[in-house]
Amino acid sequence: MCGIVGYIGKQDTTKFLLDGLKELEYRGYDSAGIALLNKDKIDVFKALGKLNNLIEKVENSDLGTYEIGIGHTRWATHGKPTELNAHPHLGEYSYVVHNGIIENYKELKEELINAGHKFVSQTDTEVIVHLFENYLNKANEQSQENKVNNTNQAFKDTIERLEGAFSILLISKADPTKIFFFKHGSPLIVARGKEDNEVLFASSDAPLIGLAKEVVYLEDGVGGIASKNGIEFLSDDYSWSTLPTSKQFAQKDGFRFFMEKEIYEQSSVVSDCMLGRIQDEEILFDEIEESILDGIKEIKICACGTSFHAGLTSSYLFERLSKIKCSIEVASEFRYKEPMLTKDTLFIVISQSGETADTLEALKMAKKAGLKTLVICNVDNSSMTRMADFTILTRAGIEKGVASTKAFSTQTAVLWMLSLYFAKINASISFEKLQSELLALREVPKSLIIDDKIHEKTKRLSKRYLHGHGFFFIGRDVFFPLALEGALKLKEISYLHAEGYPAGEMKHGPIALADPELFTIALMPQNLLYDKIKSNVEELSARDSTICTVSPLDFELSDDFIRTQETSHYMLEFFEMLVVLQLLSMEISVRLGNDVDMPRNLAKSVTVE
Ligand code: M6R
């Protein structure tokens with residue numbers, strides 16, 4: 001949710017921290033802050049809002065040289081976005097940055113207040129630094145003989161008391177040569193820098209690319225103490241690996257926004273995602289084996305947001321093609337409903353980041369219940385890929401726009417391939433049908449190539465769709481999850497009210513809202529239930545709703561019309577319409593003057609419940 005970075009070394013500490021936070025800003029931008037340590041002096045800068053505010057503050061200050069520093073970019077959970085609530089948080093002589101939530105912070109805070117500690121923020125994080133100082137003060141009162149030992153022990157004692165999800169970096173004047181770190185539930189990476197005696201930290205790998213010699217993706221429950229003399233881990237459960245060296249793929253490449261670049265990239269990343277997986281006459285996944293379906297009678301999918309929509313789309317495909325019973329649930333609901341989990345169920349989680357807290361917890365539950373688990377994920381080495389029995393990577397590359405785009409198209413492509421892979425194992429598909437599905441799959445990258453005319457059309461239409469009292473995106477079958485995804489995109493970046501609805505369900509209530517100020521975006525594919533959805537749209541038109549049709553076929557009742565290509569497969573129409581919806585929401589957001597890549601109140605990866 002938030003982003004954290006840390007540095008020990010002789011290079012420009014401030015630059016590393018600010019550059020690193022820039023890479024992580026998409027994870028939260030309610031406030032940002034850094035703490036810089038020089039011998040026993042700590043300089044702290046905090047600013048509300050986007051990182052540029054902090055950069056400006058730092059640039060206008062008299063900076064010293066620092067060999068240690070920590071930084072944070074915040075997405076507020078406990079306590080409003082204010083400068084006081086911005087990290088790093090101070091005790092009396094130590095600072096901490098934290099990603100996650102301390103669930104038992106209220107009881108800890110009460111205990112610490114009773115022990116004389118003064119709190120200034122409303123955050124859960126502040127208890128960490130006070131707890132640390134409380135232990136250290138007590139230890140030093142008892143013995144001053146080994147102060148270093150006292151400090152290390154105080155950190156360990158602090159960690160012992162924390163409940164919830166947290167990755168932490170802590171610095172202290174009590175031992176100003178060190179960064180204390182720990183990971184539990186939220187991601188954290190520690191790296192050896194390319195320069196001598198350099199140690200780097202970040203909550204995801206982007207700030208480390210090109211600067212780290214080798215990295216440890218910390219497992220839950222692993223932490224340690226770092227100084228220029230090396231890194232002391234508090235457990236043996238870690239291993240070193242290397243990172244890619246190029247950052248190029250994370251830049252905007254001339255597009256106005258990361259979201260736009262990522263929409264345009266979909267054709268090529270979906271090609272990458274299919275590479276080696278579509279063979280002459282069948283689908284192959286190196287990552288799994290046919291025995292994955294041994295003893296399996298049912299599939300259960302869990303995910304959040306856009307990933308949930310990809311999952312819902314696939315639930316139609318698993319039943320239709322693989323002939324396996326399939327159910328899907330929003331992860332945050334699944335967790336608390338005491339679900340009946342049986343070992344004949346294959347549990348699939350879908351996540352771009354692999355870090356979404358609710359999905360991760362759902363995965364843990366399934367593992368605990370002894371189910372076979374599979375994750376469809378974009379980020380290798382993420383918490384979910386490390387936990388699941390099997391992983392299929394979506395190969396979408398880094399997705400920076402908070403509004404997910406290429407993650408969805410690659411997830412859907414993987415899931416469509418997987419449904420065919422399962423269909424083959426189950427012998428639930430004829431040879432001819434499989435071949436025609438493979439033929440269509442090969443065409444997906446083409447259907448994701450953006451026609452300039454379509455982009456222009458969405459720009460022109462965006463003028464009309466700025467007001468009104470709401471949007472209904474409607475579709476049937478897999479075009480229902482696509483309608484949900486279209487509505488989510490619009491809500492996220494335009495802040496306009498939108499709902500995705502099954503077209504046939506409108507007459508059971510929502511049609512009461514119909515009037516010219518209700519905008520209906522109707523997904524009318526040629527190859528799936530065309531006549532059925534046509535009737536549903538006619539019903540809305542008869543009640544004066546403003547209709548924007550997305551279809552390859554003329555529809556005379558449309559107020560606006562976006563023409564897609566005639567194709568032979570409904571999934572190809574699905575992908576083409578997906579692009580239309582993404583572009584439309586982006587252009588509406590641009591016209592409203594919103595921040596497309598960093599919409600208000602959101603963060604890229606939701607690592608809190
Ligand atoms: O990383 P995940 O796929 O697990 O994230 C799930 C959702 O938080 C995410 O899809 C969110 O809904 C996006 N902002 C959608 O654009």
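**Ligand shell, domains and unusual backbone**

User: What makes the pairing of an oxygen atom of the ligand with a polar backbone atom of T306 a polar contact?

Analyst: In this predicted model, the two atoms are 3.0 Å apart. The cut-off for a pair of N or O atoms is 3.5 Å, so the pair counts as a polar contact.

User: How do you know that T356 and V402 make polar contacts with the ligand too?

Analyst: The test is again 3.5 Å. A polar side-chain atom of T356 is 2.4 Å from a ligand oxygen, and a polar backbone atom of V402 is 3.1 Å from a ligand nitrogen. Both pairs are within the limit, so both qualify.

User: How much of the ligand's own accessible area does the protein cover?

Analyst: On its own the ligand has 410 Å² of accessible area, and the protein covers 91% of that.

User: Which elements give two or more residues to the shell around the ligand?

Analyst: They are α7 (305-322) and α14 (479-494). Of the elements, α7 gives the most, with three residues.

User: What makes a residue part of that shell, and how many are there?

Analyst: A residue is near the ligand if one of its heavy atoms lies within 4 Å of it. There are 14 around the ligand, and S307, S351, S353, T356 and E492 are the closest. By class, the shell has eight polar, four nonpolar and two charged residues.

User: Which domains each give at least three residues to the shell?

Analyst: Domain 2 (254-444) and domain 3 (450-609) each do. In the domain assignment they follow domain 1 (3-251).

User: How do you know that domain 2 and domain 3 are in contact?

Analyst: Contact means heavy atoms within 4.5 Å, and 40 residues of domain 2 meet 40 residues of domain 3 in this way. About 3400 Å² is buried between the two, with 66% of it from carbon and sulfur atoms. Their C-alpha centres lie 24 Å apart.

User: Where does R600 sit, and what is it in contact with?

Analyst: R600 is in the segment after α16 (570-591). Setting aside neighbours within four places in sequence, R600 is in contact with Y29 and Y495. From R600 to S494 there are 106 residues in sequence, and 9.8 Å in space between C-alpha atoms.

User: Which bond at P88 is called cis, and where is P88?

Analyst: The peptide bond joining H87 and P88 is cis, with omega about -5°. P88 is in the loop between β4 (68-74) and β5 (89-90).

User: What makes the backbone of A427 worth a look?

Analyst: Phi of A427 is near 50°, a positive value in a residue other than glycine. Most residues other than glycine have a negative phi, and most peptide bonds are trans. A427 is in the loop between α11 (406-425) and α12 (431-447).

Conventions
Residues numbered from 1 in each chain as written. Predicted model: local features only at pLDDT ≥ 70, side-chain atom pairs only at ≥ 80, totals over all residues. Heavy atoms only, no water. Polar contact = N/O pair within 3.5 Å; in protein donor to acceptor, adjacent residues only side chain to side chain. Areas by Shrake-Rupley, 256 points an atom, 1.4 Å probe, with all protein chains shown as cover. Helix = DSSP H or I, 4+ residues; strand = E, 2+ residues; numbered from the N terminus. Nonpolar A, V, L, I, M, F, W, Y, C, P; charged D, E, K, R; others polar. Domains from an automatic or database assignment. Buried area = accessible area lost by both parts, 1.4 Å probe.
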